[in-house]
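This report walks through selected parts of one structure for a reader at the bench. It begins with a loop residue and moves from there to the sheet, the helices and the surroundings of the ligand.

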Amino acid sequence: MTRTHTTALEQPLLRRADFRDFQLPNRIVMAPTTRARAANDGLAPTEMHAAYYAQRASAGLIITEGTWVSEQAIGFVNVPGIYSEEQVTAWRRVTDVVHAVGGRILVQLWHNGAASHPDHLRGELPAGPSAINPHELSFTHDGFKNTVTPRAMTVVDIENTIADYHRASENARRAGFDGVEVHAIGSTLVPQFLNPRLNRRSDPYGGDSARRRRLLLEILDAVAEPWNGRCVGVRLSPYWTAGDRFVADDQALADYDELVAALADHPVAYLHLRGRNPTAPGATPDFDAIARYRRQFDGPLIANNGFDRESGNALVDAGIADAVSFATHFIANPDLVSRFALDHELATGDTDTYYSGTAGGYVDYPISGASGGVA
Ligand SMILES: Cc1cc2nc3c(=O)[nH]c(=O)nc-3n(C[C@H](O)[C@H](O)[C@H](O)COP(=O)(O)O)c2cc1C
């Protein structure tokens, strides 16, 4: 792509954005990234988390790593939760530090449903929409393990789960977050319910697409309640493909069209969209795939998946999204906003340390110096 923006202030990504419930000083959002650093019995964030997010506080908005709404939600090692008092206190330290250095931070609320493993659940079976194995891999203390056939959630399980989301959202407010994002991407609990291959229920939470999206809409209403109907975003991945279970075919996209239209009747502060996977590493993402949802959703839109400085600026310049989120670039470039402004080269992250649990590869990525090299 030809470089069209030569000076920092001409960059659309560096313009302020008014998201109604959030004021962003720039449009460079830190995407949620699981980093598996809560390596303690209470699954509480640590001083390392405070340092990690403080280092990245120049982002227009930080969305934290996916964070468990309950013990039943757990499906990956060393991921923090927001269901206990210990966790609320520990998150307060993170939000205080991020705010002290001028940032804004939302917590992403996560439930892994059938994509968990008995190892995470004291030997109990994971629960999902129906007793159908999602054929995913769950990262356990003994490495990646194949998922099993879960048990189908009862209606009482579903009501309890929605109550867990509500409590987690109340906890987020007490922990000092600026809002919450509902994690509804990938192969996790909400997309399991949306998916007719995994949701074979015949009660009000299964059947046609309206019934399959009911869980998500009830979760959105529940998590917005502690925030007086404000400050709640939702993250969707209509193009997600995984094995023969998640297929982005015409039917799936039609279901998502209906879902996005239905969001208009619920308290949604923004839509965070994971677009199609780029065709090759470094290839320009598919703008039309994002534009489809720009036409359908009337609020702020954050786009993601494979963007860099050039493609992010071009997307915002074209009016297709209001902001762009970056995951892998924020892992390796704590000063991503400055690097974009100065047009400095980006560092590449070490994938071996993504989930290693240590400070190495987490809080030790350098900022760039005057010449673009590391300081
Ligand atoms: C190490 C890692 C952890 C991730 N964890 C999460 C997560 O907790 N929640 C989520 O919604 N997406 C998660 N993602 C997906 C990213 O938010 C993002 O959609 C993906 O990396 C593509 O964006 P990028 O091209 O800017 O990296 C993760 C991605 C990576 C690489």
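## A loop glycine and its contacts

Apart from neighbours within four places in sequence, Gly113 is in contact with Pro126, Ala127, Gly128, Thr188, Leu189 and Gln192. The model is a predicted one, and in it Gly113 sits in the loop between E5 and E6. The C-alpha atoms of Gly113 and Pro126 are separated by 6.3 Å, although the two residues are 13 residues apart along the chain. Is Gly113 buried or exposed? Gly113 has 26 other C-beta atoms within 10 Å and therefore counts as buried, the cut-off being 20 or more.

## The barrel and its strands

The loop of Gly113 follows on from a strand of the central sheet, to which the report now turns. Eight strands form a closed barrel with parallel pairing, in the order E3-E4-E5-E10-E11-E12-E13-E14. Direction ignored, neighbouring strands of this sheet are turned by 25° against each other on average. In general, the strands of a sheet pair through backbone hydrogen bonds, in either a parallel or an antiparallel sense.

The table lists three of the strand pairs, with one or more of the residues that stand opposite each other.

| Strand pair | Sense | Bridges | Opposed residues |
|---|---|---|---|
| E3 (residues 28-30) and E4 | parallel | two bridges | Met30 and Ile62 |
| E4 and E5 (residues 105-110) | parallel | five bridges | Ile63 and Leu106; Gly66 and Gln108 |
| E13 and E14 | parallel | three bridges | Ile302 and Ala323 |

Strand E4 (61-68) is mostly covered, with eight of its eight residues buried. Strand E5 is largely enclosed by the rest of the structure, because six of its six residues are buried. The covering of E5 extends to both faces, with Ile105, Val107 and Leu109 buried on one side and Leu106, Gln108 and Trp110 buried on the other.

## Helices around the sheet

Helix H6 (residues 214-224) packs on the sheet, where it touches E5, strand E10 (179-184) and strand E11 (232-236). The direction of H6 makes about 165° with that of E10.

H6 also meets another helix. Two packed helices are described by the angle between their axes and the distance between the axes. For helix H3 (residues 155-174) and H6, the axes come within 8 Å and cross at roughly 35°, and the crossing in which H3 passes H6 is right-handed. On the H3 side the contact involves Ile158, Ile162, Tyr165, His166 and Ser169, which meet Leu215, Glu218, Ile219, Ala222 and Val223 of H6. By class, the residues of this contact divide into seven nonpolar, two polar and one charged.

In helix H9 (residues 309-317), the buried residues are Arg309, Gly312, Asn313, Ala314, Leu315 and Val316. These buried residues of H9 pack against two helices and two strands, namely helix H8 (287-296), helix H11 (336-342), strand E13 (301-304) and strand E14 (323-326). Just after H9, Gly319 takes a positive phi of about 75°.

## Positive phi in residues other than glycine

Most residues other than glycine have a negative phi. Two loop residues of this model depart from that pattern. His135, in the loop between strand E6 (127-128) and strand E7 (137-140), has a phi near 50°. Asn228, in the loop between H6 and E11, has a phi near 55°.

How many C-beta neighbours inside 10 Å does Asn228 have? Asn228 has 8 of them and so counts as exposed, the limit for that class being 12 or fewer. His135, with 15 other C-beta atoms within 10 Å, is partly exposed.

## The surroundings of the ligand

The last part of the picture is the shell around the ligand, in which strand E4 appears again. Of the 19 residues around the ligand, those that come nearest are Pro32, Thr34, Gly66, Ala327 and Thr328. One of these, Gly66, is the residue that stands opposite Gln108 in E5. Strand E4 and helix H10 (328-332) each supply at least two residues of the shell. By class, the shell has six nonpolar, 10 polar and three charged residues.

Conventions: Residues numbered from 1 in each chain as written. Predicted model: local features only at pLDDT ≥ 70, side-chain atom pairs only at ≥ 80, totals over all residues. Axes fitted to C-alpha atoms, helices over the stretch in contact; angles between N-to-C directions. Helix = DSSP H or I, 4+ residues; strand = E, 2+ residues; numbered from the N terminus. Left-handed = near helix turned anticlockwise from the far one by under 90°. Contact = placed C-beta atoms within 7 Å. Nonpolar A, V, L, I, M, F, W, Y, C, P; charged D, E, K, R; others polar. Near = placed C-beta within 6 Å. Pairing = 2+ DSSP bridges.
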